[in-house]
Amino acid sequence: MRKCTCCGSHMIQGYCIYDGLEYYCSDDCLHSAFTDKEYDELCQSDEAYWTEWEIGE
């Protein structure tokens with residue numbers, strides 16, 4: 001199970017950054033580490049995305 005890099009919450013959906021090096025469960029947690037512009041740049045370079053994981057993955 002994945003845990004949020006910021007708050008430690010268990011996740012079944014959220015932001016995946018740098019191919020799983022970091023995870024964020026919410027906008028608040030994501031923005032504690034990245035601005036909107038930084039996140040947009042990561043998305044454009046395929047380094048970040050929002051996803052949902054199946055339970056058990």
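Glutamate 22 is found in strand 4, and in this predicted model it makes a curious starting point. The residue is buried yet has no salt bridge. Which side chain of opposite charge is nearest to glutamate 22? That turns out to be arginine 2, and it is 14 Å away. Once neighbours within four places in sequence are set aside, the contacts of glutamate 22 are Thr5, Tyr15, Cys16, Ile17 and Phe34.

Two of those names, Ile17 and Phe34, come up again around leucine 42. This leucine sits in helix 2, and it counts as buried because its relative accessibility is 9%, with the cut-off for buried set at under 20%. Not counting residues up to four places away in sequence, leucine 42 touches Ile17, Tyr18, Phe34, Glu47 and Ala48. So what about the start of the chain? Methionine 1 is 41 residues from leucine 42 along the chain, and the C-alpha atoms of the two are separated by 23 Å.

Tyrosine 18, one of the residues touched by leucine 42, belongs to the loop between strand 3 and strand 4. Its backbone has a quirk: phi is near 50°, a positive value in a residue other than glycine. Is tyrosine 18 buried or exposed? Neither label quite fits, because its relative accessible area of 32% makes it partly exposed. Aspartate 46 has a positive phi too, near 60°, and again the residue is something other than glycine. This aspartate is placed in the loop between helix 2 and strand 5 (48–52). With a relative accessible area of 64%, aspartate 46 is exposed, since the exposed class takes in values over 50%.

On the surface, charge gathers in one place. Asp27, Asp28, Asp36, Glu38, Asp40 and Glu41 together form a patch of negative charge. Where do these residues come from? Helix 1 (27–31) and helix 2 (36–44) each supply at least two of them, and helix 2 gives the largest share, with four residues. Helix 2 is thus also the home of leucine 42, which counts as buried at 9% relative accessibility. From the helix 1 side, aspartate 28 is a handy example: it lies in that helix, and its relative accessibility of 67% puts it in the exposed class.

There is a nonpolar patch on the surface as well. Met1, Ile12 and Ile55 make it, and it covers about 380 Å². Of these, isoleucine 12 lies in the loop between strand 2 (10–11) and strand 3 (13–17). At 46% relative accessibility, isoleucine 12 counts as partly exposed.

Lysine 3 rounds off the tour. It is found in strand 1 (residues 2–3) and is partly exposed, its relative accessible area being 48%. Which residues does lysine 3 contact, leaving aside its neighbours within four places in sequence? They are Gly8, Ser9, His10, Met11 and Tyr23. Glutamine 13 is 10 residues from lysine 3 in sequence, and C-alpha to C-alpha the two are 10 Å apart in space.

Note on methods: Residues numbered from 1 in each chain as written. Predicted model: local features only at pLDDT ≥ 70, side-chain atom pairs only at ≥ 80, totals over all residues. Heavy atoms only, no water. Patch = residues over 30% accessible without salt bridge, like charges linked within 9 Å, V, L, I, M, F, W, Y side chains within 5 Å. Areas by Shrake-Rupley, 256 points an atom, 1.4 Å probe, with all protein chains shown as cover. Salt bridge = Lys/Arg side-chain N within 4 Å of Asp/Glu carboxyl O. Lys, Arg positive; Asp, Glu negative; His and termini not counted. Charge placed at Lys NZ, Arg CZ, Asp CG, Glu CD. Helix = DSSP H or I, 4+ residues; strand = E, 2+ residues; numbered from the N terminus. Buried < 20%, exposed > 50% of the residue type's maximum accessible area, 1.4 Å probe, protein only. Contact = heavy atoms within 4.5 Å.
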